[in-house]
Amino acid sequence: MKRCRRIYEHPLFKRCMERINAKERDRKFCLHGIEHSLDTARIGYISILENGLPIDKELFYAAALLHDTGRYSGMPHHEAGAENARIIMPQCGFTEEETEAAAEAILGHRNQGSVSGTLASVLYDADKRSRLCFCCGAADECYWPQEKRNGFIRA
């Protein structure tokens, strides 16, 4: 997990997290800081293990760490996050193939439509499962459609 540590220490990643935290300081809905990114990584990796999927742990963690880094940018956050992955990952020791796989998963993490068992589908599912919609105090005001909400505790 040395390469993921490098992502966490990367100046662009740190800048993204600082800007996201500042932008969401007074947000009452789900937040998108490091806690969410790590929750997404851990939930997704559990799914990878439980389902025997051939997805590398460090690659999945990298995609999860970077998937929301574009939230402050003013452009669609999945597009900005993929751009950030393409900048940060090679500088942290990931191959071109790994970088592109993560960028594609980040591009697809907002919409369910990826083939089941792929990096993109696991990232999508883990991102949604990390949310505690079933006990959220702002659920009545949330813009998320009911079918995307995490309405119960799931393993």
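## Close-up views of a predicted model

**View 1. Helix α3 passes helix α7 in a right-handed crossing.** Welcome to this predicted model; we start where these two helices meet. Their axes lie 8 Å apart, and the packing angle is about 125°. That angle falls outside the ranges for roughly parallel, antiparallel or perpendicular pairs, so α3 and α7 count as oblique to each other. On the α3 side, look for H36, T40, I43, G44, S47 and I48, which meet V122, L123, A126, D127 and R129 of α7. Sorted by type, the residues of this contact comprise 5 nonpolar, 4 polar and 2 charged.

**View 2. H36 is a buried residue of helix α3.** The helix that holds H36 spans residues 34-50. H36 has a relative accessibility of 6%, under the 20% cut-off, and therefore counts as buried. Beyond its neighbours within four places in sequence, H36 touches L31, H67, D68, D127, S130 and R131.

**View 3. Helix α7 is largely enclosed by the rest of the structure.** This helix covers residues 119-129, and 10 of its 11 residues are buried. Among them are L119, Y124 and K128. The buried residues of α7 pack against α3, α4 (57-66) and α6 (96-108).

**View 4. Helices α2 and α5 cross at roughly 145°.** Here α2 (residues 11-23) and α5 (residues 77-91) bring their axes within 9 Å. L12, F13 and C16 come from α2, while N84, I87 and I88 come from α5. This contact has 5 nonpolar residues, 1 polar residue and no charged ones.

Terms used
Residues are numbered from 1 along each chain as its sequence is written. This is a predicted model: local features need pLDDT of at least 70, side-chain atom pairs count only at pLDDT 80 or more; totals for chains, interfaces and linings use all residues. Side-chain values use heavy atoms; hydrogens and water are left out. Helices (H or I, at least four residues) and strands (E, at least two) are DSSP runs, numbered from the N terminus. Buried means under 20% relative accessible area, exposed over 50%, partly exposed in between (1.4 Å probe, protein chains only). Contact means heavy atoms within 4.5 Å. Axes are lines fitted to C-alpha atoms, for helices over the stretch in contact, and angles run from 0 to 180 degrees between N-to-C directions. Ala, Val, Leu, Ile, Met, Phe, Trp, Tyr, Cys and Pro count as nonpolar, Asp, Glu, Lys and Arg as charged, and the others, Gly among them, as polar. Angles under 35 degrees count as roughly parallel, over 145 as roughly antiparallel, 65 to 115 as roughly perpendicular and the rest as oblique. A crossing is left-handed if the near helix is turned anticlockwise from the far one by less than a right angle, and right-handed if clockwise.
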